[in-house]
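Reader: I would like a close look at a single part of this structure. Please take it slowly and keep to plain words.

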Amino acid sequence: MMNQYELQLDFQGDTLRLPEQFRNRRGIAKIILITDDVIEPIKRKRPTFTAFNLDTTGFKFNREEANER
């Protein structure tokens, strides 16, 4: 049988202290942490675009041919 408990705990770093009534129990516990801390939004990098050179020497552009497609 699975029971559900709601606890409000203080923790520091990687230590979470359970109330005395839960310390000697055995079995599997599913824990969901919801903190009141305000988490800084992830700062995303702006995409950077690098210029490139394109040699168009000898290229002929025919507008009429381009418009036919």
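Is F22 buried or exposed?

Author: F22 counts as buried, because its relative accessibility is 12% and the cut-off for buried is under 20%. Keep in mind that this is a predicted model. The protein chain has an average pLDDT of 80, and 93% of the residues reach at least 70. Within the chain, confidence is lowest in β1, with a mean of 72, and highest in α1, with 86.

Now to the ring of F22 and its partner. A pair of aromatic rings is described by the distance of the centres and the angle of the planes. A search of the whole structure finds 1 aromatic pair. Its members are Y5 and F22, set edge-to-face, with 5.0 Å from centre to centre and 75° between the planes. The label edge-to-face applies because that angle is over 60 degrees. The pair links distant parts of the chain, 17 residues apart: Y5 sits in the segment before β1 (11-12), while F22 sits in the loop between β2 (15-16) and α1 (63-68).

The partner has another setting. Y5 has a relative accessible area of 43%, so Y5 is partly exposed, as this value falls between 20% and 50%.

Y5 also leads to the pocket. The largest pocket has a volume of about 1,300 Å³. It is lined by 27 residues, and Y5 is among the closest to its centre, together with L7, K30, I31 and I32. Sorted by class, the lining has 15 nonpolar, 7 charged and 5 polar residues. Y5 thus takes part in the aromatic pair and in the lining of the largest pocket.

Terms used. Residues are numbered from 1 along each chain as its sequence is written. This is a predicted model: local features need pLDDT of at least 70, side-chain atom pairs count only at pLDDT 80 or more; totals for chains, interfaces and linings use all residues. Side-chain values use heavy atoms; hydrogens and water are left out. Rings of Phe, Tyr and Trp (its six-membered ring) pair if their centres lie within 6.5 Å; planes under 30 degrees apart count as stacked, over 60 as edge-to-face and the rest as tilted. Helices (H or I, at least four residues) and strands (E, at least two) are DSSP runs, numbered from the N terminus. Buried means under 20% relative accessible area, exposed over 50%, partly exposed in between (1.4 Å probe, protein chains only). On a 1 Å grid over the protein atoms alone, a cavity is a set of points where a 1.4 Å probe fits but cannot get out, and a pocket is an open set with protein on both sides within 12 Å along at least five of seven lines; lining residues have an atom within 4 Å of a point. Grid points are joined across faces, edges and corners, and a volume is the space filled by probe spheres set on the points. Ala, Val, Leu, Ile, Met, Phe, Trp, Tyr, Cys and Pro count as nonpolar, Asp, Glu, Lys and Arg as charged, and the others, Gly among them, as polar. pLDDT is the predictor's confidence in each residue, from 0 to 100.
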